[in-house]
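Trainee: I would like a close look at one part, please: the nonpolar core. Take me through it slowly, and then show me the chain around it.

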Amino acid sequence: MPVRATAEELRKARLAQNLGPISGLAIIANAKGIFAKQGLDISVSNFTSGKQCLDTVLGGGADIATTAEAPVTAAAMAQQPIAFVAGMEYSDLKTMTAASAGIRTKADLRGKRIAFTAGTGSEVYTSVLLKAAGLTSKDVTLVNLRPQEMLPAMAAGSIDAFDTWEPHVANAKKALGEGAIPLETKGLYSETFNIVVTQSYLAANPATVSKFLASLIEAEGWLKAHPDEAIDVIAAATGMKRDELAAIWPDYIYHVRLDDRILATLKTHAAWRLETGNHPPGASMPDFSKVLVTAPLKALDPARVTLEARP
């Protein structure tokens with residue numbers, strides 16, 4: 001392990017972080033002093049979506065973003081110079097329904113008011129869900145809400161269902177009790193959560209990016225060796241109750257890697273954009289070999305880079 005650096009020697013970087021369990025490895029690295037041990041001084045700004053995180057990085061307000069695949073494909077299609085340096089987590093998106101709406105199967109979504117978050121994996125998940133139900137967007141009323149707005153909207157009776165990530169689904173169940181019923185959609189769509197920087201930042205700060213990824217790898221090892229304490233740390237950081245996070249803990253798959261699953265998700269997402277017209281004029285399927293940058297992670301641990309398909 002590296003010797004802890006003095007304050008003067010620490011490399012400074014600004015992290016735009018989605019404050020949720022999906023950012024668990026970054027939360028652990030910060031809370032357990034792993035960033036500092038790796039020689040980093042990380043200042044953290046918290047957001048409620050990966051889109052906000054990546055937009056902040058692209059706007060110059062941060063250096064490193066935690067983000068899902070939706071903002072990545074949007075940026076790639078807009079020819080933004082991004083560098084996707086690692087995935088760190090994946091988990092299924094979910095649907096919560098109002099008991100009063102009588103939604104028991106996917107087909108029951110017909111005619112219902114469904115909330116989603118535009119520009120995130122929630123939007124693609126909603127499209128996949130409707131297709132699995134044999135429906136189109138014309139068969140439902142889609143309502144664009146931020147994740148934290150979905151529970152109040154359901155409680156107020158203004159939506160019948162919402163599509164999002166944890167902990168918002170668990171929060172709704174806790175708050176609404178028998179008034180909220182999860183819809184069975186397991187395995188329908190897994191959202192990846194990843195580390196993205198700009199190409200220019202990576203070129204100018206390769207050591208910082210390397211140390212950041214090394215910190216996540218160390219945090220992954222610590223989290224898997226101390227799951228009970230990891231739940232304590234992440235619950236405290238995200239404002240969740242420990243028992244509520246523990247109940248959904250198995251949903252989060254933490255692993256720092258670049259693999260074919262990530263590439264397939266990016267391509268599926270980009271294909272959805274092309275199919276639906278949700279892309280800049282003249283956009284085409286991105287060349288992900290220019291987006292996925294394997295060298296930093298491969299230098300740390302070659303076994304974590306298992307891309308076999310052509311980007």
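Mentor: Let's begin with a term: helices and strands here are DSSP runs, with at least four residues for a helix and at least two for a strand, numbered from the N terminus. Counted that way, the chain has 13 helices and 11 strands. Its radius of gyration is 19 Å, close to the 19 Å that the globule rule gives for 311 residues, so the chain is as compact as a globular protein of that length. Please keep in mind that this is a predicted model.

Now for the part you asked about. The largest nonpolar core holds 98 residues, and those touching the most other members are I28, F84, V85, F162, F212, L216 and L245. Helix α9, which covers residues 206–225, gives the most to this core, with 8 residues.

Let's zoom in on I28. Beyond its neighbours within four places in sequence, I28 is in contact with I34, A219, W222, L223, A230, V233 and I234. Find those in your view, and you will see who surrounds this residue.

Stepping back to the whole chain, 52% of the 311 residues count as buried. Of the contacts between residues at least 6 apart in sequence, 80% join residues at least 24 apart. The C-alpha trace spans about 60 × 45 × 35 Å along its principal axes. On the outside, the accessible surface comes to about 13000 Å², and carbon and sulfur atoms account for 53% of that. As for charge, the chain carries 31 positive and 32 negative charges, whose mean positions lie 2 Å apart.

Methods:
Residues numbered from 1 in each chain as written. Predicted model: local features only at pLDDT ≥ 70, side-chain atom pairs only at ≥ 80, totals over all residues. Heavy atoms only, no water. Core = buried A, V, L, I, M, F, W, Y, C linked by side-chain atoms within 4.5 Å. Buried < 20%, exposed > 50% of the residue type's maximum accessible area, 1.4 Å probe, protein only. Contact = heavy atoms within 4.5 Å. Rg over C-alpha atoms; globule rule 2.2 N^0.38 Å. Areas by Shrake-Rupley, 256 points an atom, 1.4 Å probe, with all protein chains shown as cover. Lys, Arg positive; Asp, Glu negative; His and termini not counted. Charge placed at Lys NZ, Arg CZ, Asp CG, Glu CD.
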